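Colleague: Before I use this model, I would like to hear how each term you apply to it is justified. Could you take me through the reasoning step by step?

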Amino acid sequence: MDRLELVQRSLPALLEGTVVTIQLTVLILLFGLALGLIMAFGQTYGNRPIRFLVNIYERVFRSIPELVLLLLVFYGLPNLGFRIGAFNAAVLALGLRATAYMSQIYRGAFQSVGSDQLTAARSLGMGRYRTFFYVILPQAIRVFIPPFANEYAIILKDTSLAYALGVTELLRQGQYIIAVHYDPLTIFLIIAAIYFLLTFGITRLLKLLEKRLKIPGLGAEMN
Amino acid sequence: MTDNRDEHKPLLEIKDLRKSFGDNLVLDGISFSLNPGEKKVIIGPSGTGKSTVLNCINRLIMPDGGEIWLDDTEVVGCDNINEIRQQIGYVFQGFGLFHHLTAIKNVMIGLTKVKGMSREEAEAKATAELERVGLTDVSDSYPAQLSGGQKQRVAIARALAMEPMLMLFDEPTSALDPELIGEVLTVMKALAREGMTMLVVTHEMGFARSVSDEIIFMEKGHIVEKAHPEKMFSGPELQRTKDFLFKLDELYGKGGD
């Protein structure tokens with residue numbers, strides 16, 4: 001079987017794996033976006049004990065390697081009586097990590113709106129919610145996009161670690177094909193290309209969005 | 001001012017205002033009042049609580065004690081501060097323009113989102129207010145595209161659009177290049193002529209002299225002396241006031257117009 005034929009015959013299985021990789025990525029992203037937002041609110045606007053707890057969470061989950069988190073959740077939780085599948089374990093473990101990073105991205109975005117603007121909003125008679133929705137949020141979104149694109153790329157690439165739990169995502173599908181046909185170079189190159197396209201394509205889109213939303217006159221590049 | 005001043009109730013009356021930040025006593029019993037249409041200027045060395053007085057009036061800072069009466073409402077104890085703030089225009093050193101909105105949208109946002117005015121109505125009002133401060137050609141520019149003087153004039157238009165009964169200015173020209181100060185002062189003087197009640201913290205003695213009905217000299221949380229500007233400049237009661245005004249003269253030049 002020549003290379004081209006191998007590529008053709010392995011593509012369906014690799015695409016199947018790609019779908020799982022995308023599912024993992026989307027779920028982890030949503031996990032991190034939702035929980036991270038709550039954490040960021042706690043950290044930015046919460047009282048002292050809440051800020052303290054959120055800080056601890058963030059420190060802990062930013063300091064443990066992803067692989068250790070994955071193994072801890074998948075093999076450790078059953079000891080406590082929680083049995084979850086490999087896919088869910090991967091979403092949970094990587095989602096908890098993503099939450100810690102996302103909360104920092106949110107926080108930076110919220111805090112990027114200067115205190116002068118908040119003072120002005122209050123002096124106009126805007127309450128907390130109006131200030132948040134009409135002053136902070138529209139500007140925070142713009143600050144949020146670049147680090148979010150970065151975090152998306154990290155999450156996407158880290159889903160390959162679910163391989164270690166036996167999740168049949170893109171990398172493991174490739175490994176199965178290699179076990180049968182033994183052409184690691186070709187298969188790994190295809191896998192690398194798929195990861196590249198998924199990362200590059202989306203970050204490119206986010207870059208375009210960032211440009212579209214740019215506030216005229218602000219920032220270094222003037223158009 | 002007219003002779004029947006005594007019949008008028010003050011528009012703003014401050015009684016024994018007190019505030020500390022930790023151990024630092026910033027306001028140690030400040031009392032004064034403004035009648036409708038009056039303009040008063042607060043001067044004094046930095047760190048003496050001038051800005052804190054203004055910030056207490058719209059409760060951006062919560063006073064520790066004392067009373068602040070705006071017309072018939074007591075501000076310190078009221079529970080509808082957002083409604084009170086709509087009646088007090090506040091212009092400060094840092095402009096506080098919303099970066100993501102054009103000049104006209106900056107003026108409109110308080111009208112549409114706080115006062116619930118329709119878009120069309122707010123746009124007409126904002127256009128008129130920008131015209132009032134001499135800005136019509138930049139209404140679609142973003143704050144980052146404006147000069148400091150233009151920014152501050154947009155901020156003034158934004159405050160005026162809310163139709164406040166009182167305007168507070170906290171060192172409105174201190175962040176501006178010298179050549180841009182004039183355009184902001186011109187707008188403020190015009191506003192004073194229109195009869196707006198104004199309380200201004202500034203080092204611009206020319207403005208203080210030509211516009212204000214009274215100059216309040218504050219130091220270390222106290223009012224040291226208050227007097228009509230002519231009296232203040234010709235011969236203040238206290239040596240301390242003289243010394244301070246002399247220093248201002250050195251820094252900013254004589255209090256001419």
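Modeller: Let me begin with chain B of this predicted model, where 6 strands make up an open sheet of mixed pairing, in the order 6-7-8-3-9-10.

Colleague: What makes strand 6 and strand 10 of chain B the edge strands?

Modeller: Strand 6 (88-92) and strand 10 (222-227) of chain B each pair on one side only. Neighbouring strands of this sheet are turned against each other by 15 degrees on average, with direction ignored.

Colleague: How do you know that strand 6 and strand 7 of chain B pair?

Modeller: Two strands count as paired if there are at least two bridges between them, and strand 6 is joined to strand 7 (residues 166-170) of chain B by 5 bridges, the two running parallel; therefore they qualify as a pair. Within this pairing, B:V91 has B:F169 of strand 7 as its bridge partner.

Colleague: Which helices of chain B lie on these strands?

Modeller: Helix 5 (residues 148-161) of chain B lies across strand 6 and strand 7, at about 170 degrees to strand 6 of chain B. Helix 6 (residues 178-193) of chain B also packs on the sheet, where it touches strand 3 (39-43), strand 7 and strand 8 (198-201), and its direction makes about 150 degrees with that of strand 8 of chain B.

Colleague: Why is the pairing of strand 1 with strand 4 of chain B accepted?

Modeller: The requirement is at least two bridges, and strand 1 (residues 12-21) and strand 4 (residues 65-70) of chain B pair over 5 bridges in the antiparallel sense, so the requirement is met. B:I14 stands opposite B:I68 of strand 4 there. Both strands belong to an open sheet of 4 strands in chain B, with the order 2-1-4-5.

Colleague: Why is A:I190 in helix 8 of chain A called buried?

Modeller: The word is kept for residues under 20% relative accessible area, and A:I190 is listed as buried in helix 8 of chain A, as are others including A:I187, A:I194 and A:L198, so each of these falls under that cut-off. The buried residues of this helix pack against helix 1 (3-45), helix 6 (128-158) and helix 7 (170-181) of chain A.

Colleague: What makes up the contact between chain B and chain A?

Modeller: Chain B gives 23 residues and chain A gives 21 residues, and the buried area is about 2,000 Å², of which 67% comes from carbon and sulfur atoms. On the chain B side, B:F98, B:H100 and B:K113 lose the most area to chain A, together 28% of what that side buries.

Key: Residues are numbered from 1 along each chain as its sequence is written. Chains are lettered from A and ligands numbered from 1 in the order in which they are written. This is a predicted model: local features need pLDDT of at least 70, side-chain atom pairs count only at pLDDT 80 or more; totals for chains, interfaces and linings use all residues. Side-chain values use heavy atoms; hydrogens and water are left out. Buried means under 20% relative accessible area, exposed over 50%, partly exposed in between (1.4 Å probe, protein chains only). Contact means heavy atoms within 4.5 Å. Axes are lines fitted to C-alpha atoms, for helices over the stretch in contact, and angles run from 0 to 180 degrees between N-to-C directions. Buried area is the accessible area (1.4 Å probe) that two parts lose on being put together, summed over both.
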